[in-house]
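Biologist: I am new to this structure and would like a close look at a single part of it. Please start from one residue and work outward.

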Amino acid sequence: MTAGTAQNPILKIDGVGVTFADLKALQDVSFNVEPGEKLALLGHNGAGKSTLFKCVLGFLKPAAGRITVAGDAPGSDHARRSVSYLPEQVAFPRMLTGIEIITYFAKLKSVDPREALPLLDLVGLSQAGRRRVGDYSKGMRQRLGLAQALIGKPDLLLLDEPTSGLDPVSRREFYEIIDRVAQEGAAVLLSSHALTEVEGHVDRIAILSKGRLVADGNIKALAEAARLPITIRIKAREGQADALSDRFGGTRINGRSVELSCEPGAKIDLVSRLTQRREEIDDIDIALPSLDDIYRFYSNRAEKGDAA
Amino acid sequence: MSPFTKLLAVASIEFRVALRNRWLILATGVMTLFSLALTFSGAGGLELKAGILTLAAASLATLSVYLIPLIALLISYDSIAGEVERGTMALVLATPISRGALLAGKALGLIAVLAIAIAASLTISSAAAIFAYGMDMSGLAAIVRLGLTGLLLGAVFVAIGMMISVASPRAGQAAAVAIGVWLVATVLYDLALLAGILADKEGVFTKALFPYFVTANPGDAFRIFNLAGLENAAPVSGLDGIANTLPFSATYALVGLFAWLVAALAAGYFQIRRLTP
């Protein structure tokens, strides 16, 4: 299997649009995924994540734009050899065992089953390999789905909400495996509906909202570009809350506290002015915008743009 | 790996799933039960100087027309629609297997189930009859012919069942359509032809069109071919009497069965290429 180079993205999505009846499921979506890169595609339910995956797999033909997978059209033999897919809520025939499933998919992918079976150990299913999938827990099915997706060292892994329903330990193990395959050169495109879930696990995020790509970049850059206000909560000493509130503005809460908000660039300045009133202040709490705030900012911005 | 290796992998998985879902044991059990019952109840006709197996072949040809299509549709209606509904199909279609090989592999696995059920039931009932009444060589040939053409009839209805399954968005809907097809093909079609003959009173329909209409139905074609092979050795009645008055060789009935198989597989292939899991 051929690995792309940095100038040669494994997945190219260029101006893709998909329309179902009168619903614009995807509109002018463009981004690339490079070999070895981990990209999270974020969006609410119905934002178009699964539709985009179906286009990359060749199940749906976009009405506009162009997608190439390893340089070929989605759904072509070469594209299907290069991409592996893990659907949301992965399911397998209940009557088959884990070993039978891996053997089956290895054959479908033209891989020697003897090379594929050790993947069961990698995902922690070596004990359960002889049991029927019908007896597996949801987490075990998801692990088997990941093992299936790793057969034959694909160039691009397409994972649709892969960690939903996994417990925290399984989730961490899941991302450890993803890290390893990305280090070996595979590109990973995974979808999620929460930024907090993918934080620290991906190189880049792209946010889909109502079928449009509203953000694309690393989390730090997106957070800076959003310029979300920082919240500073001051706990005043006895009887000083009114004085602080008069001086700095903000909102009075809980009798003794004042909540201020400021632009990221004005933070140092505000904090140094606060420390000059040291004698009136009991405590200061600085809350940076959370990942959910950043995600909500980009999603909502697109929705407001729609209304305008 | 060649496309044929992948086709065989699909066939083997389909067979295994049918085996574990008890379809094989159910189909074999039901068919063996009916074969035994018909073989020994037909023994009353032995004074007609026909062999025990010849009589059994005649009875079985009539019964198989109902039973084989029913079992074939029951094991096939779920094969695609059910997988799409349970979410197991998207994964398979994402792998580099051609959709034609997938369809053919699934059909092959299911036809293997039928082959075992038919072979086992006929072997058991014939062996029991030979043990009880002695050897009947020409009857044995009729049973072999019955088994092979019965498998062809089963293959036709597996292909039809899969065509229904590919075209149905839900497995439940596929089941309803399959039962409807079975009723029309095995019961209502023949009733309509009989009504046509009664209304027509030896007119153009009865003389010119009826033989073609009856041969066009896969079940009737199967029965006509097998009863014609018995050469009046066994008593026949009703629509089957036509087998001896066809204006063409009964071998053409087999051509009709093959045509059905090819047409149903082609229609299934046309549909599965457009399937979006």
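Modeller: What follows starts at one core residue of chain A, A:Leu11, and then moves to the strands, the domains and the contact with chain B.

The model is predicted. Its largest nonpolar core has 160 residues, and within that core A:Leu11 and A:Leu156 touch the most other members. Leaving out residues up to four places away in sequence, A:Leu11 touches A:Phe31, A:Asn32, A:Val33, A:Val56, A:Ile67, A:Thr68, A:Val69, A:Leu156 and A:Leu189. A:Leu156 is thus named twice, as a neighbour of A:Leu11 and as one of the two residues that touch the most other core members. In soluble globular proteins, nonpolar side chains tend to be buried together. Apart from this core lies another, of 13 residues, including A:Ile234, A:Leu270, A:Leu274 and A:Ile281.

Several neighbours of A:Leu11 can be placed by looking at the strands. Strand S1 of chain A covers residues 11–20, and it pairs with strand S4, residues 64–69, in the antiparallel sense over five bridges. In this pairing A:Ile13 has A:Ile67 of S4(A) as its bridge partner, and A:Ile67 is also among the residues that A:Leu11 touches.

S1(A) has a second antiparallel pairing, with strand S2 of chain A, residues 23–33, over seven bridges. Here A:Lys12 stands opposite A:Asn32 in S2(A); A:Asn32 is another contact of A:Leu11. S1(A) and S2(A) form a hairpin with two residues between the strands, where A:Ala21 takes a positive phi near 45°.

On the level of the chain, the domain assignment gives domain 1 of chain A as 11–224 and domain 2 as 229–288. The C-alpha centres of these two domains lie 45 Å apart.

Chain A also meets chain B, in a contact that takes 27 residues from chain A and 23 residues from chain B. The area buried between the two chains is about 2500 Å², with 68% of it given by carbon and sulfur atoms. Two salt bridges are found across this interface. The side chains of B:Arg16 and A:Glu100 meet in a salt bridge, at 2.7 Å from N to O.

In chain B, helix H1 spans residues 3–20 and holds B:Leu7. B:Leu7 counts as buried because its relative accessible area is 14%, and the cut-off is under 20%. Beyond its neighbours within four places in sequence, B:Leu7 is in contact with B:Ala101, B:Ala104, B:Gly105 and B:Leu108.

Notes
Residues numbered from 1 in each chain as written. Chains lettered and ligands numbered in written order. Predicted model: local features only at pLDDT ≥ 70, side-chain atom pairs only at ≥ 80, totals over all residues. Heavy atoms only, no water. Core = buried A, V, L, I, M, F, W, Y, C linked by side-chain atoms within 4.5 Å. Buried < 20%, exposed > 50% of the residue type's maximum accessible area, 1.4 Å probe, protein only. Contact = heavy atoms within 4.5 Å. Domains from an automatic or database assignment. Helix = DSSP H or I, 4+ residues; strand = E, 2+ residues; numbered from the N terminus. Pairing = 2+ DSSP bridges. Buried area = accessible area lost by both parts, 1.4 Å probe. Salt bridge = Lys/Arg side-chain N within 4 Å of Asp/Glu carboxyl O.
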